[in-house]
Structure formats: C-alpha cells, structure tokens
Amino acid sequence: MEQQVEQRSNAAWILVVASGVVAALHIWKLPSALPVIQEQLGFSLLVSGVLLGVVQVAGMLGGLAFSLLAEIISPRWTFITGLLLIIAGSTIGSLSQDASLLVATRIVEGMGVVMAAVMGPGLIRSHAPLPRLNQAVGWWAGYMGLATFIGLLATAWTLQYFSWQSWWRFLALLTVLPIPLLLKIIPPQATAGTAGVKAATRRILATASSGRVWLSGLIFGCYTVQWMAVVGFLPSIYQETGMSQLTGGFLSAVVGGLNAVGAIITGLLLQRGASGKAMLIAAFAIMIGTSIATFAVDFPADLILLQVVFLGLFSLCGAMIPATMTRVAVDLAPEGGSAPAAVGLMQQIFNVGNFTGPMIVAWLVVQTGGWNTTWWMTSFFGLVGITLTLVLARGDSPLKKIHS
C-alpha cells in the first residue's frame, strides 16, 4: 500500500512538471517564429521586444490574484483554468492579421502560464514524496528550460514546412492533453470557498508584508531580466549573422535546454546540502563573466561556436538561481501566510524582469547600433543580484534551510 501511494505521488508531481513544460511552450514558440512573423505583419524590433515580454504582463499584475483564486477554487482547478486560457489565447492568436491582436492574445496566454507557474510548486510540495521534494522542485525549476529547448527547436523545424498559424493551433491542441490526466491523478482539494475569502485575503496580505518574499522575488528578477532577453533574442541574433533559421533555432534551443539541465543538477545539489547562498553568488558571477565574453567580444564567423559555449555556460550556471529560489519559495510564507501567495508575489516581482528584459536590450541595440552592449544590462543586474543575495543570507535566512 505504501508503495502505491508513493507511485501515485510521483506520478502526480511528474504530471505537474510535464504540464508546466506544455504551458511554457507557448512562451517559447515565439522567438524562433519572430523573424517570420515580423516580416509578415510588418513591425519593428522594438515591437518584437514588446511581443517577447508582454506574455509576462499577467505575471506582473496577477500573481497574488491567482493565489486568492486558488484559495477559493483550489490549486488544481486554478492550474487547469490556466491551461484553458492558454488554449484560447493560442487559438485566437493564430488568427492575427496585425501585431495588436497578437499582443492581446499573448497577454491571455501569459495569464494561463502564470496560473500554472504559481500553482506548480505548491502542487509538487503536496504530492512529491518528502525524500524527493528537492529533486521534484529542481525538475519544476527546469520546466522553463525544457520548454525553451523544445519550443525553439520544434518551432524552427516546423516553420520549414508549416505556417506559424498552424503551429499555434497545434500547440493549443497539445495543451488539451494534460487536462484529463490532471483531473484523474491530482485528487480534489479542500477550498476556502467564497465564504473563506476574508480569511484567504488575510493570509495573502500577511504574505505580501513579508520582506523576505519581496527580496527573494527581486533576486529572481535579477536573473529573469537577463535570461529572457538574451535567450529570447538569440534566434534573431543568429539570423543576422547569416545562419539559417533551423541552425539558429537549434543553437538557441541547446542554450535554452542547458538551463533545464542546470536546474535539475541544482536540485540534486540542494538535496545533498549544498549552500544556496554560494550557488546564487556563483551563478550571478558566471552570468556576468560569460555575457561579457559573449557580447563584448566581436567573434569572427569561424569562432561562433565559442560564443555558443559561453552562452551555454550563461544558461547552464544561471539555472542555479531559479532552482534555488523556487525551492526557497515553497517554504517562504510567514506564519499565518499562504504558500501560493508567496509564490504568486514572487512571480509578480520576477516577471517584471521577464517583461522589461527584452525591451531594455532592444532599446540598447537601437541606441548603440548592435548587440555588443547587451553585457551592460546583464552585468548591472548580476551585481544587483549578488548584493541582494548577501542581504537575504543574513540572520535566520531561508537560504540556510533549503536542504532540511
């Protein structure tokens, strides 16, 4: 009997991670398709930056609201509602004839992705066997990297044969598949209901008053502002060097996929008692160094693979940040607070980075005439991230309890 319960729990958290990957595919279907869509719909590089970042708007504004919704209808149903919004956004987005409708539907997709992202850590915490909790959270932290690898590569390959509109509709259909499995494997959960809204609101307000949650979100944001901008624009950067769409998509996918590998490795290291503080500082330092090596140096065409190696290290080692902060988040709620609200507030904060990163880089490129100034932004936020990590690590820090 005990073995059956563990199998059910393992199946549940694995399904949640897989569903998160499917949801996040809708973020990463765009970068490889962006040059094609930009040409078809006729918009500027700055608009491209908006399209890359606007999917994060819902995360900037709705994290806490979605955590309140979870208190009322349950995390399971909030997660599923997110998938339904993604399906609607992707389907309607495939009908876009101009940038405005595409931007609007990207916001709807973003709402769905954030609902899944806010609920994911809590569902995993509830269903993963305790001995595998850090490992499970490590896999969850890698869901975005997995989606990046699959999304960039699959989109680049698919657009060789099909239109981007067909790809949008196919991914909407793919997102339907996890829903019946979630209903079957994730058991129904007790909810506060509408009568419990006041109590749930109090828990959320208690969480929102926690300085540690805000600080953790800012540290996470110092990572996302860099990673989303660099990886999101990689296919466009490679196309400008004369690479084919498929080759650029493949190299970008490898860089993104290494982020998932790094997150999974980080989960295993945390399970063995590695220092969260040390990994965060090392990750930011490596991101600074590799971004300078990537963008400050003008690589000749025959050394372009060396640039890819630096970008791979940027993504692989940078993954220590989301994996560590995601693990912190599941235990971050103060007494009388709400775990979903802690994750939701953290999402709101770090999604500001996801939203602004591509636009900051696009603005720098327009102002300076090339991608070589991108390291200005990555280095600045890397130094801020190190400083905030040192502040969070003081006293009774959640970074000291990760392995427990």
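L306 lies in helix α15. The model examined here is predicted. In it, L306 is partly exposed, because its relative accessible area of 37% falls between the limits for buried and exposed residues, 20% and 50%.

L306 also belongs to a nonpolar patch on the surface. The other members of this patch are I286, L303, V309 and L313. Together, the five residues have about 370 Å² of accessible area. Helix α15, which covers residues 304–318, supplies three residues of the patch, the largest share.

Helix α15 itself contains 15 residues. From its first C-alpha to its last, α15 reaches 21 Å. This is close to the 21 Å expected at 1.5 Å a residue. An α-helix has 3.6 residues a turn, so residues three or four places apart point the same way.

The buried residues of α15 are I304, Q307, V308, L311, G312, F314, S315, C317 and G318. Several helices take part in covering these buried residues. Among them are α12 (211–240), α13 (245–271), α14 (276–295) and α16 (320–329).

Attention now turns to the interior. In soluble globular proteins, nonpolar side chains tend to be buried together. The largest nonpolar core in this model has 119 residues. Within this core, W28, I37, F79, I124, W168, I321 and M325 touch the most other members. Helix α12 provides the largest share of the core, 16 residues.

F79 is one of these core residues. Leaving aside neighbours within four places in sequence, F79 is in contact with V16, S19 and G20. Its contacts also include A116, M119, G120 and L123, as well as W140 and L182.

Methods
Residues numbered from 1 in each chain as written. Predicted model: local features only at pLDDT ≥ 70, side-chain atom pairs only at ≥ 80, totals over all residues. Heavy atoms only, no water. Patch = residues over 30% accessible without salt bridge, like charges linked within 9 Å, V, L, I, M, F, W, Y side chains within 5 Å. Areas by Shrake-Rupley, 256 points an atom, 1.4 Å probe, with all protein chains shown as cover. Salt bridge = Lys/Arg side-chain N within 4 Å of Asp/Glu carboxyl O. Helix = DSSP H or I, 4+ residues; strand = E, 2+ residues; numbered from the N terminus. Buried < 20%, exposed > 50% of the residue type's maximum accessible area, 1.4 Å probe, protein only. Expected span 1.5 Å × (residues − 1). Contact = heavy atoms within 4.5 Å. Core = buried A, V, L, I, M, F, W, Y, C linked by side-chain atoms within 4.5 Å.
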